[in-house]
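The following exercises ask you to work through a sheet, strand by strand, with the sequence and the coordinates at hand. Try each task before you read its solution.

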Amino acid sequence: MNSGTDGREAGRAELWGEFARVGKALGSGTRLQMLDLLAQGERSVESLAQPLGLGVSTASAHLQTLKRAQLVRTRRVKNHVIYTLAGDDVAALLSLVQKVAGTHLAEVERAWQNFAGPGQGEIEEVDRAELLARLDQGSALVLDVRPEGEFAAGHLPGAVSIPVDELTRRLDEVPEDTDIVAYCRGDYCVMAVDAVRVLRSHGRRAYRLNEGLLEWRASGRPVHTGSA
């Protein structure tokens with residue numbers, strides 16, 4: 001084998017090794033959850049560690065793996081390191097991983113049913129096209145049920161923010177004569193499932209959007225920022 005062929009073979013091995021860096025970085029449920037949280041907006045190490053039940057040092061180690069694969073970026077604010085996705089293509093990659101797993105692994109559906117709880121399959125859903133049609137007709141209210149900080153970092157245009165854990169005491173803010181479409185972080189987020197259950201139990205016409213900010217962002221649709 002001549003030197004030219006040797007160089008090409010080495011280049012091929014190097015190329016696929018670089019692709020594998022991304023695959024290895026994605027090979028952790030914890031890191032995938034971190035990317036899901038970062039798809040909602042930038043966060044500090046501490047605010048990523050807390051919802052995942054991790055120590056700060058453990059969270060930092062996972063984030064460094066993601067950073068080495070260039071899936072996240074950082075900036076420093078005083079004594080805090082703030083992480084953000086490297087681009088909307090990372091959100092699209094995470095969404096695709098979920099879609100492929102959901103299509104080919106029966107275990108995903110079983111795990112989702114266990115996570116979402118009994119009766120999840122009975123909750124009516126609408127897709128993006130139907131939501132946009134209803135918004136054009138003025139016949140629906142889009143309800144963002146994520147925490148307020150996530151709403152401020154990015155939300156669907158025209159959405160109203162009522163976090164799911166505040167929904168029961170703020171029901172008077174939800175109209176009774178309008179279809180309510182609730183959404184949260186993504187297709188496998190249970191906050192919108194829980195919100196629809198609460199709203200339906202109080203007589204509201206509530207539906208779950210069959211995607212969340214992750215898929216909306218990954219599709220390239222506009223995302224608005226700022227508080228309600």
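A residue is called buried under 20% relative accessible area, exposed over 50% and partly exposed in between, with a 1.4 Å probe and protein chains only. This is a predicted model, in which local features need pLDDT of at least 70 and side-chain atom pairs count only at pLDDT 80 or more, while totals for chains, interfaces and linings use all residues. Residues are numbered from 1 along each chain as its sequence is written, and side-chain values use heavy atoms, with hydrogens and water left out.

**Exercise 1.** Determine in which order the strands of the open sheet lie, and which of them stand at the edges.

Solution. Strands are DSSP runs of E with at least two residues, numbered from the N terminus, and two of them pair if DSSP finds at least two bridges between them. Applied here, this gives five strands in the order β4-β8-β7-β5-β6, with parallel pairing. β4 (125-126) and β6 (160-161) each have a single partner strand, so one side of each is left without a neighbour in the sheet. For β4 that partner is β8 (residues 206-209), joined to β4 by two bridges, with Val-126 opposite Leu-209.

**Exercise 2.** Describe the surroundings of β5 (140-144), including how its residues point.

Solution. Begin with pairing: β5 runs parallel to β7 over five bridges, where Leu-143 has Ala-182 as its bridge partner. Two bridges join β5 to β6, also in parallel, and there Asp-144 is partnered by Ser-161. Turn next to burial: five of the five residues of β5 are buried. Ala-140, Val-142 and Asp-144 point one way, whereas Leu-141 and Leu-143 point the other way.

Terms used
Helices (H or I, at least four residues) and strands (E, at least two) are DSSP runs, numbered from the N terminus.
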